[in-house]
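Q: I should like to learn how to read the principal features of a structural model. Could we take them one by one?

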Amino acid sequence: MPTIEIEYEDFERLLDVKLEKDMEKLDEILAFVKGEVKAFNEKEGILTVEIKDTNRPDLWNVEGLARTLRGFLGLEKGLKKYNVAGNSNVEVQVDKRLWKIRPYIACAVIRDLKLSDTIIRGIMRLQDKLDQTYGRNRRRTSIGLYNFNLIAPPLHYTVTKPTETNFAPLGFEQEMTLKEILEKHPKGLEYGSIVRRFDMYPILLDSKKNVLSFPPIINSNDLGKITTETRNVLVEVTGTVLETVLNTLNMVVFSLVDRGGKPYSTTIKYAYGTKKENIVTPAIKTSTMHLDIKYVNQVLGLKLTTKQVAELLKKARFDTEKRSNDSLLVCIPPYRIDIMHPIDLVEDVAIAYDYNNIQPLWRRLPTTGAITPQTELHDFAREIMIGMEFQEILTCTLTNKQSLFSKMNLKPEKIVEIANPKVQTLTCLRSWLLPSLMEFLSNNQHVEYPQKIFELGIVVVPDKRAETRTCEEQKLAAVITHAIAGFTEIKSVLDAFLAALNLKGQIEETVHPSFIDGRVGKIKIDKMDIGVIGEIHPKILEAWNLEKPVAAFEVNMSKIFRLSKLS
Amino acid sequence: MGELRPHERKTLLVLKELGGKANVNQLTTKSGLSEAALMRAALVLQDQKLVEIRERKQTILTITQEGKIYAKKGLPERQLINVLLELKSEAPLKKVIKKAGLRENLVPIALGWLRRKGWAKPEKGYLKILKTPEKEGSDEKLLKLLGKKLSVIIENLDPEMKKAAELLKRRKLVEMNRKTVRTLEITRKGLNLIKRGVHAATEISQLTPEIIVSGKWRKAKLRKYNIKAPVAKTWPGKKHPYLRFIDEVKRKLVALGFKEMYGPLVELSFFNFDALFMPQDHPAREIFGIYFVKSPKHGNLSRYKKVVTKVKETHENGWKTGSKGWGYKYSVREASRLILRGHGTALSVRTLISKDLEIPGKYFSIARCYRPEVVDKTHLTEFNQVEGIVVDENITLRDLLGVLEKFAIEIAEADKVKFRPDYFPFTEPSVELSAYKEGYGWIEFGGSGIFRPEVTLPLGIKVPVIAWGLGIDRLFMMRAGIDDIRYVFTQDLDWIRRKGRI
C-alpha cells in the first residue's frame, strides 16, 4: 500500500477550500479515495496518508488527490480535460540496440512553470513513489526531469559501453564512467542490478552529446537539476512496457499542468523490426466505456435512475453521455488506468453515493452451516486430552532443521524448506509435532510441575505425486514431564485416548533415536502405523536443556480420521 | 488445649528435637513430611502462636560447568604462570602455551587475566613475569571450595570472598540465585505445650471408608477444618485461550449458515494470486511479499488446465469477462510456483472450483497463512485468517454490508458499524468494516468485497460472490486485554494456565 507525504497547506491551496484541522474529519474525506491519515506532523505541516489502492498511481501525489477530492467534495464535477498546448518540435531518436535492454521512452516538455520549493519537493516525491511502486523499483519504468533550456534537441536514446561515456551524476561534481556510477554512486548501488547483466548500458544524450541521464540509474548533475529558477522542464520516462511508460509520463505531466505548466509534445522515432514508427508523446487519450444501469443496480442492490448514475459518475470526475434509457457512455480520464471493467465504474458510483447511505440487507439463504468432519474429530480429540488435564498449546508450523532433527537426535530428512526465510530460526515447515512441544517445555522450566501439554496441529512432508508436491497431515502430540514422569503414565493416557475414539491400539517394540531404547513403541491400529510413544532420551533432554524426564506420544489424526470413516 | 493434628504435632516435636530452631529443609528431612504439608502445619502452629516463622533471603552461589573444570585444573592464567615459573620467568609465548597445553580459545582469556592480575605480560612474542603471584588468590580459593561443595551461601562468606564471588560471576564460572529460606522457632507457649504433653486429637480428621463402613463416625467427632487456609494449586486441562476464542467464532459462523472449507498450506501461486487476478509482476508476489518453497520450486497444475487457460487469457486480454486484462504475456510456469499460502482467499478459490460447490452457498475457513514479516508486537510471520464467501444469484452490495453488520454485532458484539471504501486486487466494490464498541472506540474489523468478474467468470462461476475476511487476531487481543499479537503463539505456559475465560 503506497504511503505518501503531502504538505498540508499546499493540499488546502490545491483543494481551494479551508479544511478543519481535525484528523477524524479528514479521514472521512480521504475515505473517498481509499485513503487514511497515518500521521500528521503539525510542526512541519506534513501529512502522511496511506492510499490503499495499488492500481491508482494518479492518487499518489498531492495534485492528483486534490483533483479527485474536489469532485467528491462537490467543488468541481465531470472530467478534467488535459490538452497538449502544442508541439515542442523535440525529436528523440531511439537506438535499435535498446530492444533487449530498455526499449521504450516517452517525453514531454512543460513550459511556463513557476516552481516553489514545495512544488519541487512534491514532484520529487511523486517521481520516487512512481519509480518504486508503479515502476517496480525502476525495473519497469523510471522518470527523469531536466532543465529544458540547457538541452539542445534532438535527443538520442542510445547505448554505450560501460567505460565509454562519462558525466557528473546528480549530487556529484566530478565525472564518472557508467561503470564507476554503478560501483560508487548510491543510486548505482541501489538500482545497478537492472542493467549490470548487459554489455551496453542505456544513455540519453542531446545533439551536443551532453548526457541527460543514464536510465534508469541517475540523471546528469548539470542538466538534471530542477530549481525554483527553472521555467521549462523536459520530462522523460524510460521502461520495458510501452503502455506503462506512456501512463507514467501522463501522471507527471498532469501534476505539472495542475501546477500551471503548459504541456508540449515530442516525437519518438523508433526503428525496431523492419518498420520505422513515430510515436507522439504525451499520448493523452480519453477512453470510453458503456455502462448498463441495470448492471449498476444489480451489483449495488439499489434502484438508481440513469440520471442519478450520471450525476454520481460526474462527482467521481467522469463525463457521461446518455446512450439509451438505461445505458450510459462513460468518458474516462487518461489518468484512470484502473478502470479495466464496468465493475470499476460501478464501485465509483457506490463511493460517490456513499457506502453509509446504502441500507445493509441480511437475507436468510437456505444454507446449512457445518464444520468439516475432520474438525469434528479434532474437537473431540481435544476434549479427551483436556479431560485428562492436559493444557492445549499452539505453536508455529515454521521451524528449523536443528529443532526437527539434530536436537531430536535424528538424521536430517527431506522436508519442505523456504527459499527466502526472513530469520535463520524459521526456515522450514515442521515434519513432526514433538519438537514443537519440546521447545515449549524448554521455555517453561521455571513453571510449576507437573506439566502436561498437548497440541493438535499440521505437519508437512514432501510428496512428489501431489499437485503441491507436499502432503499435509494433522497430528496430535502430548507430553508429560515431572520428576518421575515415565512410560506407564503416558501409555495409560494413550490407552484412554484411543479407547475414547473407539480404537484398539497395539504397541509394538521399535527403535527410535529420540526415545530411550526399550521404552519406545510404534502405535498400530489394524497393522496401520499411526504414531510413536515413549520416554524421551536424556540426550534429547540435554539438547533442550531439560532437567526432568519427559514421556510423550504423537499420533497421526489424519490416519485416525480415515480409520474412523471406515468403521 | 494440647490437641494438635498429627502433622502439626509431628512438626512441633521434630522442631523441639532439632534444638527448637530449624529451617524447612532440615525439618522435612527429619520428619519425612513433604514441604507443602510441613508449611501447612507450620502456618497453623504459627496461628496458635506455638512457633514463629522467619523468612530470610539467601543468595546461593553455584559453580558452572566451565568453573568445575578450572576448579580441578586451575584458572587458565594460573596454568600459564606455573609453566612460566618453571621456565625461569621469561620464555617465548608459544612455548609456554604449548607446554601448558592450553586450548587456543582460552589463550586471550589467560593473557588478559595475567595482565589484569599484574602477574606477567606478553612482549614481542615473549611472556615476561612481572611479579611472583601469591600461591592461591581468593578467587581460586572460592573456586576450589565450590569444586568440592558445588554451592555455598554468599551471605556466609567473608568480604574478601564475596568480592571473589563477584569476580567469578563476571567470568561466568559461577552463578548466583536468590532464594527464600524459612526458619521455624518454637515460642515459649510452644515449649510449655510440649512440657504439658501434646496429645494427638481424638477428633477425626480424614474420613475413611473404614470409618464409614464400621459406623465409627457415629461416635466420633469430625474435626472442623480451617477452610480459609491456602491449599495446593491445581491447573485444569483447558483449551488454548486463542483456540477457545476461535472455536467460539466458528460456532457463530456455523449458526449463521456457513460451512467450513479446507485447503493446503503449501499452495500453487495460481490459487493464491493468478486466479485472484493478481498480475504476475504484482509486488505481493516478490520475495518480500510471500514465502517461496525451496525445492521443488513448481507444483503440478495439469489437473486445472481448462481453468488455467481461461485465467491466462483473462490476464492477457480480459477473455470473455468484459475486462481489458493486464496486457502482458502470462506464464503458466510462474503460476505453478509453490509458495506458503499468503491469505485465506486462496482457499475460497479452491472452493469455487470444487464440484461440491453449492449455490446458494456460504463458506468459511480459519486458515493458517504466512508472510515474510519480522515478528513484533503487531506482526506475525505466521498467522490466522478467518475468511469466507457467499455465493448466490441475487446477492448485491447490500447483502455484503448486511453480512458485515451481522459479523460486527454477532462476533465482535459491536454497538454500531461504519463502512469505508477499501481496495483488494480481486474485489470490486471493496468495503472496509469498522465497528464501534463502548470502551474501545472504533476498530477496523475486516475487509471484504464482491469478487471481480475477472475472478469468478474464469472459474466458471456466473453468479456474484461476496468475499470477506475478519481481523480475528485484533479481536482476540481486544477480548483478552493484551496489546501484543505474539500471545497468539505464546510459549508462556504460566500465562496460558492462568488466563481465564475471555
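A: We begin with a definition: a residue is buried if 20 or more other C-beta atoms lie within 10 Å of its own. The model before us is predicted.

Q: How should a strand be read with that definition, and which residues of strand E18 of chain B are buried on each side?

A: In a regular strand the side chains alternate between the two faces of the sheet. In chain B, strand E18 covers residues 465–470, and 6 of its 6 residues are buried. On one side these are Val465(B), Ala467(B) and Gly469(B), and on the other Ile466(B), Trp468(B) and Leu470(B), which leaves both faces of E18(B) covered.

Q: Which strands are joined to E18(B), and in which sense do they run, parallel or antiparallel?

A: Strand E14 of chain B, residues 382–391, is joined to E18(B) by 6 bridges, and the two run antiparallel. Within this pair, Val386(B) is placed opposite Leu470(B). Strand E17 of chain B, residues 441–451, is also antiparallel to E18(B), with 5 bridges. Here Ser448(B) has Trp468(B) as its bridge partner.

Q: Why is one side of strand E16 and of strand E17 in chain A left without a neighbour in the sheet?

A: The strand order is the place to start. In chain A, an open sheet of 3 strands is arranged as E16-E18-E17 with antiparallel pairing. E16(A), residues 287–292, and E17(A), residues 319–324, stand at the edges with a single partner strand each, so one side of each has no neighbour in the sheet. From one strand to the next, the twist averages 25°. The pairing of E17(A) with E18(A), residues 327–332, is antiparallel over 5 bridges. One of the bridge partners is Cys331(A) in E18(A), which pairs with Asp319(A).

Q: How is a helix to be read, and which residues of helix H1 of chain B are buried?

A: An α-helix has 3.6 residues a turn, so residues three or four places apart point the same way. H1(B), residues 6–17, has 12 residues and spans 16 Å from its first C-alpha to its last, close to the 16 Å expected at 1.5 Å a residue. Its buried residues are Glu8(B), Arg9(B), Lys10(B), Thr11(B), Leu12(B), Val14(B) and Leu15(B). After the helix comes Gly19(B), with a positive phi near 90°.

Q: Into which domains are the chains divided?

A: Chain A is divided into domain 1 (3–72), domain 2 (86–281), domain 3 (294–354) and domain 4 (373–566). Chain B has domain 1 (3–56 + 179–218), domain 2 (65–173) and domain 3 (244–498). In chain B, the C-alpha centres of domain 1 and domain 2 are 50 Å apart. In chain A, the centres of domain 1 and domain 2 are separated by 28 Å. Between those two domains of chain A, 12 residues of domain 1 are in contact with 11 residues of domain 2. On the domain 1 side, H3(A) provides the largest share, 4 residues. That side divides into 4 nonpolar, 2 polar and 6 charged residues.

Q: How may the interface between the chains be described, and how many residues of each are in contact?

A: The size of an interface is often given as the accessible area lost when the parts come together. Residue contacts offer another description: 72 residues of chain A are in contact with 77 residues of chain B. On the chain A side, H10(A) gives the most, with 7 residues. That side comprises 34 nonpolar, 21 polar and 17 charged residues.

How values were computed
Residues numbered from 1 in each chain as written. Chains lettered and ligands numbered in written order. Predicted model: local features only at pLDDT ≥ 70, side-chain atom pairs only at ≥ 80, totals over all residues. Domains from an automatic or database assignment. Contact = placed C-beta atoms within 7 Å. Nonpolar A, V, L, I, M, F, W, Y, C, P; charged D, E, K, R; others polar. Buried ≥ 20, exposed ≤ 12 C-beta atoms within 10 Å, placed from the backbone. Pairing = 2+ DSSP bridges. Expected span 1.5 Å × (residues − 1). Axes fitted to C-alpha atoms, helices over the stretch in contact; angles between N-to-C directions.
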